[in-house]
Amino acid sequence: MMLVGYTTYRYFERLLESSEWLIHGNQIVRTSERLLFLIKGAESQQRELIYYADSTRFTDSTAYQPYLSEVDSIGKCLKQLEYLLARHHVSKLQLDSLKELTFTQIDLMHHAIQLKAYNSTAAFWRFVVHDLDQQKE
């Protein structure tokens, strides 16, 4: 009877541990999907800001709010991923690379918006061509 009780206890203990890892894995996947969604949203907002740069709407400071909100959410999402991956050394290294790439992309988006905002169309297109050349390398 003791053997059956002990075996059952160990089985349920492993089942709970497996369930916790499954839930943890699902949290990582959902957070990663949210990060991708937020990055796409920020890029979309950036394109809209650049497209409407010559209009009067662009001079209104509230035009920047959706873009800045997306960028802020990206930072929060990356912090959440960092928390979720704190115990996984290899995944944490990959996350560090992802963070670096994400922040580089955000910096490039900021720079493009600033160039267009200052009505420097020629400088804006030089920046875009330079950025495309770097991506090809």
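These are legends for a few close-up views of a predicted model.

**View 1. The nonpolar core and its best-connected members.**
The largest nonpolar core has 21 residues, and L35, A42, Y67, I74 and I106 are the ones that touch the most other members. Three helices feed this core: α1 (2–51), α2 (65–84) and α3 (89–117) each chip in at least two residues.

**View 2. What sits around A42.**
Zooming in on A42, which contacts does this residue make once its neighbours within four places in sequence are set aside? The list is Y67, E70, V71, I74 and M109. Two of these partners, Y67 and I74, also turn up with A42 among the core residues that touch the most other members.

**View 3. K76 and D72, a salt bridge along α2.**
The structure holds four salt bridges, and here is one between the side chains of K76 and D72, with an N to O distance of 3.3 Å. How far apart are the two residues in helix α2? They are four residues apart, so about one helical turn separates K76 from D72. As for solvent, K76 counts as exposed because its relative accessibility is 56%, over the 50% cut-off. D72 comes in at a relative accessible area of 43%, so this residue is partly exposed.

**View 4. E82 and K92, a salt bridge between two helices.**
E82 and K92 pair up with their closest N and O atoms 3.5 Å apart. This pair links distant parts of the chain: E82 belongs to helix α2 and K92 to helix α3, with their positions ten residues apart in the numbering. Buried, exposed or partly exposed: where does E82 fall? With a relative accessible area of 28%, E82 is partly exposed. K92 also counts as partly exposed, at 26% relative accessibility.

**View 5. D96 joins in at K92.**
K92 has another salt bridge to show, this time with D96, and the closest N and O atoms are 3.9 Å apart. That just makes the cut, because a salt bridge needs the nitrogen within 4 Å of a carboxyl oxygen. D96 and K92 are four residues apart in helix α3, which means about one helical turn lies between them. D96 is partly exposed, at 34% relative accessibility.

**View 6. The linked charges, taken together.**
Which residues make up the salt-bridge network? E82, K92, D96 and K99 are linked in it. The background chemistry is simple: side chains of opposite charge can pair when their charged atoms come close.

How values were computed
Residues are numbered from 1 along each chain as its sequence is written. This is a predicted model: local features need pLDDT of at least 70, side-chain atom pairs count only at pLDDT 80 or more; totals for chains, interfaces and linings use all residues. Side-chain values use heavy atoms; hydrogens and water are left out. A nonpolar core is a set of buried Ala, Val, Leu, Ile, Met, Phe, Trp, Tyr and Cys residues joined through side-chain atoms within 4.5 Å. Buried means under 20% relative accessible area, exposed over 50%, partly exposed in between (1.4 Å probe, protein chains only). Contact means heavy atoms within 4.5 Å.
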